[in-house]
Amino acid sequence: MASLNTLRTRGGIIISIVIGIALIAFLMGDFVPQSCSSTTVGTINGHKVGYEEYYFESEHYQLLAQTMYNRDALSLEESDVARNNAWQSLIAKYAYRPGFRKLGLSNSEAEQADMVNGQYLSPIIMGNFANPQNGLYDPAMLSTFVMQLDYDFSGRLRAVWEYMVEQMNDQRSASKFYTLVQKGIYVTDLEVEAGLVATNTEYNITVAGKDYSSVPDSLVTVTMSDIKQYYNEHKGRYRQQPSREIEYVVFDLLPSNADYDEAERYITTIATEFAEAENPMQYALLNSQTPPSQMYLTENEVDGPIAAALFNNPDGMYGPELVGDSYTIARLGDVKMAPETLGARHILLPYTERALADSLAGLIRQGEDFELLALQYSQDPSAQMNGGDLGEFNPEYMVPEFSNPLMDARVGEVIVLETGYGIHIVELTHKAPLVRRAQVATIRYKVDPSSATQQEIYAQASKFYNSASGSYDNFKKAATEEALAKRVARIRNTDRTVSGLEDSRELVRWAFENKKGQVSDVKEIGNSYVIAALTEVRSDEYAKPEDVVDQIRPIVVKQKKADLILKDLAGSTLAEAASSIGADPREVSGVSFNPFVIDGIGVEPRLIGAVSAATPNHLAKPVKGDMGIYLFQVDSVVTDDDATPESERIRIDASSEAYLDQRLEQALSEAAKIKDNRVRYF
């Protein structure tokens with residue numbers, strides 16, 4: 001209800017904000033050295049980020065996240081998001097902001113004030129203080145939040161505000177830089193002229209082709225020397241991110257038949273006691289593995305089979321019912337008649353304003369305008385939008401301190417009450433007819449593997465480890481002998497889990513701390529025991545030729561097959577040349593750059609490029625395509641004027657901007673030479 005609550009609901013938006021555009025690394029200023037732990041978790045633009053520096057930055061961002069989400073602790077996924085945001089903040093500190101300053105793209109105090117409350121508002125401000133009903137920026141929400149900073153003795157709200165201001169400045173500076181680069185893009189007259197020719201021209205050709213697949217592989221020999229030669233000529237294609245490859249086997253911790261039998265005996269006893277319990281809800285609270293909801297629900301709000309079993313038979317019981325590996329038993333607890341929905345409007349005040357609350361309640365009872373009073377006094381931003389009207393709501397979804405007093409109130413009655421948000425002056429505006437609501441006392445019991453079962457499965461995993469330890473060869477042999485399926489995973493240095501294995505951070509860390517060929521000990525991951533072998537280590541900036549043989553070999557095979565086909569090529573006319581390689585000429589019309597496809601052949605960029613440059617009615621040079629060797633001649637050229645110089649200039653300019661969006665951040669990140677080794681420690 002309060003501004004803080006509104007902000008918390010937008011925590012995910014705030015926390016997920018990252019700088020959209022990077023700066024060119026070679027424009028970065030020198031960093032200021034600082035003492036840090038001898039353990040380096042990464043390098044950013046030449047600055048070594050120590051363990052302590054990153055740790056304290058991560059703690060700061062996790063505290064911010066806790067404030068946003070209103071949590072005392074974060075989930076593993078939320079912690080990972082906070083840690084990644086901390087890393088992004090360090091990238092901004094050591095790479096982006098020095099470049100902003102060097103280029104003169106920093107923001108003056110006047111400009112910062114304008115971003116918050118001026119003509120050119122920051123999207124950070126507009127996005128986080130927007131009316132949830134219409135999505136439009138609401139300055140009253142911002143004002144309310146800023147006012148609360150003086151009453152926030154914990155300092156957490158101020159930390160959130162400072163974070164938003166930091167992001168606001170980074171976003172504005174990055175936007176200036178993007179505009180600077182964008183304005184440097186210019187479409188020349190020569191580009192427009194070439195574009196018009198490509199767009200307005202079609203070619204009718206006669207073409208003959210021989211696919212590489214028609215040449216037997218046995219005629220081609222590819223040596224490691226060939227692989228390395230191609231690699232050296234195209235090394236840039238094989239830039240890689242640090243990663244590891246593992247093979248692993250899984251021993252699932254699943255309940256045995258004996259565990260299911262024991263669970264059935266236990267749940268039968270529980271069901272007998274539950275059926276006789278005088279207070280079903282109290283019994284469920286004491287015996288259910290998952291605490292039951294104590295909300296009062298209508299029949300339509302309860303799971304279908306449970307509702308059907310209980311609402312027409314108040315003394316009956318549902319279950320025990322086993323679905324998957326969980327038992328469910330349910331009974332009706334307390335039953336009461338209550339309205340299905342309520343409607344109200346309220347004015348929210350701080351706890352210290354009890355006297356003001358009583359005074360305002362008195363004025364409203366005497367006929368004063370509720371909306372005007374809400375607009376003047378309420379601390380809830382909804383007062384600025386709709387006079388504090390909360391609309392109609394299910395009373396069970398409000399805090400009990402708010403909804404319970406309204407259950408007994410009359411429509412039009414004004415009452416004063418307190419909740420965890422503050423003091424409320426509330427007028428009841430709507431009360432639906434009474435319906436039967438009930439607490440459904442539910443006991444849930446999951447069948448878990450017993451200690452004996454766990455020990456048995458662990459013994460199986462240990463036996464495998466004893467056979468597999470020492471080398472990857474031992475691992476493969478043991479997996480084969482025990483008929484265990486090996487799973488394969490590639491882990492990048494930015495991953496925190498192995499795909500398909502929850503809570504597998506420990507296994508990821510092990511993979512980056514060990515050498516190729518090593519076998520892990522038995523690791524308990526989720527509901528499984530896992531043993532892994534490290535099969536590949538990739539730490540260099542470029543993949544080694546030996547690691548990309550499977551990628552390069554098919555390309556070299558095509559090249560060698562092309563050479564074999566060209567050796568047989570003879571003849572001065574298209575018909576003669578086609579016959580020499582066993583190909584049949586055929587006519588194809590409408591070849592152009594748009595669409596970038598040749599009818600009956602497919603996508604062959606080299607062939608289309610050669611067609612556009614060929615002299616009509618002359619046999620062109622053979623083309624080494626992606627799928628085969630092509631012989632052709634252009635029979636005729638057809639031109640039109642569908643595209644104009646103006647439309648072509650617009651098209652090229654739009655294409656350039658799209659490329660800028662895709663490539664700028666990637667290129668600048670690469671130039672900053674960021675090395676991320678956090679996976680070893682976090």
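Lys and Arg count as positive here and Asp and Glu as negative, with His and the chain ends left out of the tally. On that footing, this predicted model carries 63 positive and 96 negative side chains, and the centres of the two sets sit 8 Å apart.

Now zoom out to the fold. The chain is built from 24 helices and 18 strands. Its radius of gyration is 35 Å, well over the 26 Å that the globule rule gives for 682 residues, so the chain is more spread out than a compact globule. If you want a box for it, the C-alpha atoms fill roughly 105 × 70 × 60 Å along the principal axes. Buried residues account for 43% of the 682. The accessible surface comes to about 35800 Å², and carbon and sulfur atoms own 49% of that. As for how the chain meets itself, take the contacts between residues at least 6 apart in sequence: 71% of them join residues at least 24 apart.

Let's pick out one helix, α21, which covers residues 549-567. With 19 residues at 1.5 Å each, α21 should span 27 Å, and its end C-alpha atoms are 26 Å apart, which agrees. The buried residues of α21 are V549, I552, V556, V557, K561, A562 and I565, so there is a lysine on that list too. What covers them includes two strands from further along the chain, β16 (623-624) and β17 (628-639), together with β3 (201-211) and α10 (224-233).

Next stop is F251, in strand β4 (residues 243-252). Is F251 buried or exposed? Its relative accessibility is 7%, and anything under 20% counts as buried, so F251 is buried. Beyond its neighbours within four places in sequence, F251 touches I457, Q460, A461, F464, L484, S528, Y529 and I531. P400, on the other hand, is 149 residues from F251 along the chain, and their C-alpha atoms are separated by 47 Å.

Finally, some backbone details worth a look. The peptide bond from G319 to P320 is cis, with omega near 5 degrees, and P320 lies in strand β5 (residues 318-323). A483 has phi near 55 degrees, a positive value in a residue other than glycine. You'll find A483 in the loop between α19 (472-481) and β12 (487-492), where it is exposed, with a relative accessible area of 69%. D503 also has a positive phi near 55 degrees; this residue is in the loop between β12 and α20 (505-513) and counts as partly exposed at 48% relative accessibility.

Methods:
Residues are numbered from 1 along each chain as its sequence is written. This is a predicted model: local features need pLDDT of at least 70, side-chain atom pairs count only at pLDDT 80 or more; totals for chains, interfaces and linings use all residues. Side-chain values use heavy atoms; hydrogens and water are left out. Helices (H or I, at least four residues) and strands (E, at least two) are DSSP runs, numbered from the N terminus. The radius of gyration is taken over C-alpha atoms; the globule rule is 2.2 Å times the number of residues to the power 0.38. Buried means under 20% relative accessible area, exposed over 50%, partly exposed in between (1.4 Å probe, protein chains only). Contact means heavy atoms within 4.5 Å. Accessible areas come from the Shrake-Rupley method with a 1.4 Å probe; for residues, only the protein chains shown count as cover. The place of a charge is taken as NZ of Lys, CZ of Arg, CG of Asp or CD of Glu. The expected span of a helix is 1.5 Å times one less than its number of residues.
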